[in-house]
Amino acid sequence: MRTPLVLLLACATAACGADTPARDSLLAVVDTVNGVERLSYSADPATQLAWRFDTLAVIGGAMVEDENYQFETRGLTGNAEGDLFVGDVQGKRILRYDRSGTFVRSYGREGAGPGELRYPMAVRLGPGDSIWVVDTGNNRVTIYDATDGGSRTLGSTQGGLPTNIALAGGHFYYVAGSVLATPAARADEQPAIPLVRAALDGAPLDTLWLIKPRPLYTLEFRSGNNLTMTMIPMTFAPTFRWALLSDGRVVVSDSANYVLHIVTPDGTIERTIRRDPPARPVTEADREAAREEVRSQSGNPGLTGSPDFVRQWLEKMTFADVIPRITNLAVDSKDRIWVGVSVNEPEKTERIDVYDASGRLLGEIRDPAFFPRLFYGPDLAARVTTDEFDAEQVVVMRLVE
């Protein structure tokens with residue numbers, strides 16, 4: 001059943017004063033289908049947000065000799081006070097810095113014993129600033145006490161080791177398995193992978209979303225007597241993205257079109273957000289640009305730089321039919337939803353749309369230089385870059401509205 005159409009004015013309070021002309025605002029059509037409210041925005045420009053990020057600190061770099069500022073990042077998280085936690089897969093540890101970028105302490109060390117790490121792939125904060133680390137090397141989730149560094153291990157979770165985690169409202173959210181593990185020829189035959197809400201002991205409570213496995217193809221490469229099998233995703237296939245609001249609702253994106261769903265903690269779709277234009281068809285120019293990127297790997301160190309490997313990769317490349325519109329998804333410290341958008345160039349964030357937690361479009365950031373890797377603290381964000389020597393750095397920034 002459809003309710004009558006109404007119009008919703010989408011205008012940020014901070015960006016749209018009483019003197020702002022109506023033409024600078026964007027109208028959304030709102031209707032309801034099967035109890036789910038749908039907000040549909042046009043492709044017309046929305047209010048431009050003149051927000052900026054001021055750099056507060058740059059952490060790390062090749063010229064910093066202190067080992068506490070050397071890392072290979074696989075995860076970032078932060079607390080309300082502005083402390084930043086960096087998952088260091090190279091050092092097998094979690095590094096903690098204050099908002100000025102000063103090292104505070106580390107958690108974990110290399111090994112398989114209690115509190116030790118082998119491959120920390122994701123890090124998040126739980127109740128009391130407890131530090132939750134997905135350690136794929138030891139096939140477990142290790143939880144550290146932020147004050148004394150003591151640790152414990154989470155019990156088993158549905159589907160084995162989770163690949164992505166988040167915590168809010170006294171619950172643990174995770175993807176129960178890998179979304180990149182299905183050969184393209186059998187993608188339609190594989191069961192969907194659940195996004196789960198669980199108790200803090202890992203016991204599943206609700207399935208919030210079912211994720212369709214992303215199509216892959218298998219590349220078998222023989223070098224001498226060694227056979228290597230590599231799984232490579234279909235080029236331009238849409239990526240499942242999700243972000244957690246503070247009240248336990250989840251924002252998900254799983255299609256090539258610009259569609260977001262706000263899902264309640266029990267798995268009910270509360271609201272759907274759409275924005276034009278639809279995903280555009282892949283062109284031969286798009287395919288050739290993707291092939292050229294693979295060719296550019298030839299000669300680089302490692303397996304993927306082998307000329308024979310690059311040749312086989314090019315021979316087996318497969319392509320989706322359309323270019324996904326959504327490139328990034330995040331929720332900031334004020335529960336605003338940030339959406340990275342591809343306008344013309346595939347897989348590049350060329351615009352950022354910002355919504356409030358109800359799905360009201362506040363405005364857009366045009367031609368952004370980057371999409372923040374993390375929002376934390378009252379007004380902080382972080383991104384990962386490299387210096388001129390390709391050493392990783394984390395840039396701590398303050399969002400100025």
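What share of the 401 residues in the protein chain is buried? Buried residues make up 50% of the 401, where buried means under 20% relative accessible area, exposed means over 50%, and partly exposed lies in between (1.4 Å probe, protein chains only).

Before you click around, two notes on the model. This is a predicted model, in which local features need pLDDT of at least 70 and side-chain atom pairs count only at pLDDT 80 or more, while totals for chains, interfaces and linings use all residues. Residues are numbered from 1 along each chain as its sequence is written, and side-chain values use heavy atoms, with hydrogens and water left out.

**Stop 1: the whole chain**

Show the chain as a cartoon. You will find two helices and 32 strands; helices (H or I, at least four residues) and strands (E, at least two) are DSSP runs, numbered from the N terminus. The protein chain is as compact as a globular protein of its length, because its radius of gyration of 22 Å is close to the 21 Å that the globule rule gives for 401 residues. That radius is taken over C-alpha atoms, and the rule is 2.2 Å times the number of residues to the power 0.38.

Switch to a C-alpha trace, which spans about 65 × 50 × 45 Å along its principal axes. Then turn on the surface: the accessible area comes to about 18,900 Å², and 49% of it belongs to carbon and sulfur atoms. Such areas come from the Shrake-Rupley method with a 1.4 Å probe, and for residues only the protein chains shown count as cover. Of the contacts with a separation of 6 or more, 50% join residues 24 or more positions apart; a contact means heavy atoms within 4.5 Å.

**Stop 2: the second largest pocket**

Select Thr235, Phe236, Ala290, Glu293 and Glu347, which lie nearest the centre of the second largest pocket, among its 17 lining residues. The elements giving two or more residues to this lining are β19 (226–233) and α1 (284–295). With five residues, α1 provides the largest share.

Colour the lining by type and you should get ten nonpolar, two polar and five charged residues. Here Ala, Val, Leu, Ile, Met, Phe, Trp, Tyr, Cys and Pro count as nonpolar, Asp, Glu, Lys and Arg as charged, and the others, Gly among them, as polar.

How much space lies in the second largest pocket? About 430 Å³. On a 1 Å grid over the protein atoms alone, a pocket is an open set of points where a 1.4 Å probe fits, with protein on both sides within 12 Å along at least five of seven lines, and lining residues have an atom within 4 Å of a point. Grid points are joined across faces, edges and corners, and the volume is the space filled by probe spheres set on them.

**Stop 3: asparagine 68 and leucine 95**

Go to asparagine 68, in the loop between β4 (52–59) and β5 (73–78). Asparagine 68 is buried, at 17% relative accessible area. Leaving out residues up to four places away in sequence, asparagine 68 touches Arg93, Leu95, Tyr97 and Phe103.

Follow that list to leucine 95, in strand β7 (residues 93–97). Leucine 95 counts as buried, at 0% relative accessibility. Beyond four places in sequence, leucine 95 has contacts including Asn68, Phe71, Leu84, Val86, Phe103 and Arg105.

**Stop 4: valine 384 and valine 29**

Select valine 384 in strand β31 (residues 380–386). At 25% relative accessibility, valine 384 counts as partly exposed. Glycine 75 is 309 residues away along the chain, yet its C-alpha is 10.0 Å from that of valine 384. Outside four places in sequence, valine 384 touches Thr73, Leu76, Arg373, Glu392, Gln393 and Val394.

Valine 29, in strand β2 (residues 26–33), is also partly exposed, at 34%. Its C-alpha is 5.1 Å from that of serine 40, eleven residues apart in sequence.

**Stop 5: backbone details**

Buried or exposed: which is aspartate 335? Aspartate 335 is buried, at 17%, and sits in the loop between β26 (326–331) and β27 (337–341). Its phi is positive, about 60°, although aspartate 335 is not a glycine.

Aspartate 390 also has a positive phi, near 65°. This residue is in the loop between β31 and β32 (392–400) and is exposed, at 64%.

Finish at proline 277, in the loop between β23 (269–275) and β24 (280–281). The peptide bond leading to proline 277 from aspartate 276 is cis, with omega near 0°.
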